[in-house]
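Student: Could you take me through one part of this protein slowly, and show me how it connects to its surroundings? I would like one continuous explanation.

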Amino acid sequence: MYNVLIADDEKNICEGIAEFLDWQELGFHIIGLAANGEEALNMLSWQRCELILTDIRMPGIDGLALIRRIQEKDPGIKIIIVSGYSDFAYAKQAIEMGVKAFLLKPIDREELLAAVKKIKRELDGELEEYRRSLENDRIVRNQLFRELLSPGVSPEAVSKRLADQGVKLQGGRFLTAVLQPDFGGDKDAGLLGYSIKNIACELLELNDLEGYAFDYDGRRIGLLFCGGSRLESAAPAYLAELLSCVETYLHLSVSAGMGRPAESFGELRNSFEAALEDCGGKALLSQAREPEERPSEAFGLSWRSEGLLNALQFLEEETVWTETDRLLQEIAEKQIPEKVVRGVLYGVLFELMGLYQKYNIGYELRWYDEKLRVLEEGLFRHRETVKDFLSALCREALQLFRETSVHRPSNLVLQVQQYCEQNYSHALNLQIIARRFYMNPAYLGRLFKAETGCSFSDYLNRLRITAAKRQLAAGTGRVSELIETLGYRNEEYFYRQFRKQEGRSFAEYRRQLTERRKEA
C-alpha cells in the first residue's frame, strides 16, 4: 500500500478527489488532505508519501514551491498537478520539475485513473528494485562479516571491503556475541530475524555502543562490538536488555553466548568461536531478564505502553487518545530527553509489531522500514512530531484491528486458557499471563471473569487440581513430586486449594481412590 497526499485550497476539491477513485483498490492509502503547501510539508515531515496530487495556486506556499521543496527532500515522490485552465502556462515548468501528469479541472475520472495506474506501475518497479538492492547489500555485508570471522582469510583486507560498504570497524578492541532465537516452525522466521537485528541496532544506539548485527548461518545472528575497555562491562548488560526486549516484543526466547575480548582483527575468529561454544551455556544470558533500569525509568517516566496496546486491540479509541495525550504530557512536564523519547517510541513500534505477528496481521517489510526511518530522522524533541508519529501509528493499527476479527476478547480468553493448559506446570499468575498477552493485569482479570464466569486464579487452580486427579488415577510417585509438576511451590497451598475445589481433603480423596482400586 502506497501513501497519497492531496493538497488544494478548495476543501470540496480535496474531498472530491479522495472520493473520486477507489484508492484502496488501486493500492493507495490517503494520509491527509492539505489546504496549502505548508500543511502538506508538515504532514510529510513525519510520514512518508509516494504520490502527491496538488493544485498550483494556493495561499502561502503554492504548488510549484511545494514541488521544489519536495524535490529537495525526496525526489522519488511522484507528483500529479490538478489545476485550472488559467494555470496551463505552468505546465511546461512543472513537467521539467518531474511532475508525472498535469490534469485540468474539472477532472476527468478516466484521465486521473490512467495517471494513477501508470504511477502505480512505476512505484511497483522501484519497490522491486529497492528490495533487490536491499537484499544484495544485506547478502554482501553478511558474507563479509562471515569472512571476517573465518579462518584462511586476511581480516585486514575484509575490514577494508566492509569499509567500502559503510561499515567502519574502529576502536582497537572488539567483542563478539551470538544469538540463537527459537523460531520453532514460524513461517515468518525471516521477518522475525530481521526484526531482532533491528532491535539490536536500536539498542546499540540507545546504550551508546558501537556495533553491528548480521546473519551468521540462517539460524543464528552474530554481534560484533567495537570500542574500548568499557565493552566488557557494557556488552553483557546490553545483551541481557536485548534478550528481554525480544521476548517482550516478539514473544521469542533466545539463547546467547559471549566471546572473549579481541585486541585485533586477527583475534576475532577465536572470540567468535568462544561465543558459539558459549551460546546457551550461561544462565544469565540464556534467559531474557529485565534490565535493572531502563532509560525511561531513569528519567522518571511512569507511562507504560500496556494501556495503549490494550485500547488498540479492543478498538477503544477514546482510551487510545487518552493514553497518547498522557505520554505527551509526561514528556513535556518531566522534560524527557529526545533520545529517551525515541527509545519509548521504538518500544511501542516493536510491541505493536509483536501484536501483528501474534494475530497474523500482515504488514510489509517496507512499512516497517519506513517507521524506522521516521524514528531515525524525526526531530522528537518537538511535541508535535511525537504526537504526529504516534497518531499515525495508532490510526493505522486501529484500522488493521478493525479489519481483523481474530483479536476479539473471546478469542483472547481462549488463547489464555490454551496457554495455561500447556504450561500449568510452570510458575503462572495473572501478571505473568498479562505480560505474555500484552494486557493490563486488572483488565485481563475482569475480561477473563466476564467471559468464563470465574476468576483467573480459580480457573488455574481448577486446571491444576484436575491434572492432579488425572495423575493420581494413572498412578504417581511421591506426593511432593506430583505437587511440583502441577506448578505449586507450596504444599500447604495445594492442600487448601484441593479441599476448596473438591470439598474434601487430598488425603481423603487419595484414600477413597485406593479403596476403589482394591474393590475393582
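Tutor: Happy to! Let's settle on strand 1, which is mostly covered: six of its six residues are buried. Please keep in mind that this is a predicted model. Buried stands for under 20% relative accessible area, and strand 1 meets that cut-off on both of its faces. One side carries Y2, V4 and I6, and the other carries N3, L5 and A7, all of them buried.

What surrounds this strand? Start with the sheet, an open one built from five strands in the order 2-1-3-4-5, with parallel pairing. In that order, strand 1 sits between strand 2 and strand 3. As a reminder, strands of a sheet pair through backbone hydrogen bonds, either parallel or antiparallel.

Take the strand 2 side to begin with. Strand 1 and strand 2 run parallel and are joined by six bridges; within strand 2, L33 is the residue that stands opposite I6. Turning to the other neighbour, strand 1 pairs with strand 3 over four bridges, again in the parallel sense. Here V4 has L51 of strand 3 as its bridge partner.

From strand 3 (residues 51–54) you can step onward to strand 4 (residues 78–83), since four bridges join these two parallel strands. One of the residue pairs to look for is L53 with its bridge partner I80 in strand 4. The sheet ends at strand 2 (28–34) and strand 5 (101–104), the edge strands, each of which pairs on one side only. Going from one strand to the next, the twist averages 20°.

Now add the helix that lies over this part. Helix 1 (residues 11–20) lies across strand 1 (2–7), and also across strand 2, strand 3 and strand 4. Its direction makes an angle of about 175° with strand 2.

For a wider view, look at how the nonpolar side chains are grouped in the model. In soluble globular proteins, such side chains tend to be buried together. The largest nonpolar core here has 63 residues, and L179, L223, F225, Y238, L242, L312 and L352 have the most contacts inside it. Helix 15 (residues 338–358) supplies the largest share of this core, 12 residues. Apart from that core lies another, of 35 residues, including Y424, A434, C454 and Y488. If you want a residue to centre your viewer on, try L223: among the residues it touches are L175, L179, F214, Y238 and L242.

Notes: Residues are numbered from 1 along each chain as its sequence is written. This is a predicted model: local features need pLDDT of at least 70, side-chain atom pairs count only at pLDDT 80 or more; totals for chains, interfaces and linings use all residues. Side-chain values use heavy atoms; hydrogens and water are left out. A nonpolar core is a set of buried Ala, Val, Leu, Ile, Met, Phe, Trp, Tyr and Cys residues joined through side-chain atoms within 4.5 Å. Buried means under 20% relative accessible area, exposed over 50%, partly exposed in between (1.4 Å probe, protein chains only). Contact means heavy atoms within 4.5 Å. Two strands pair if DSSP finds at least two bridges between them. Axes are lines fitted to C-alpha atoms, for helices over the stretch in contact, and angles run from 0 to 180 degrees between N-to-C directions. Lists of a residue's contacts leave out its neighbours within four places in sequence.
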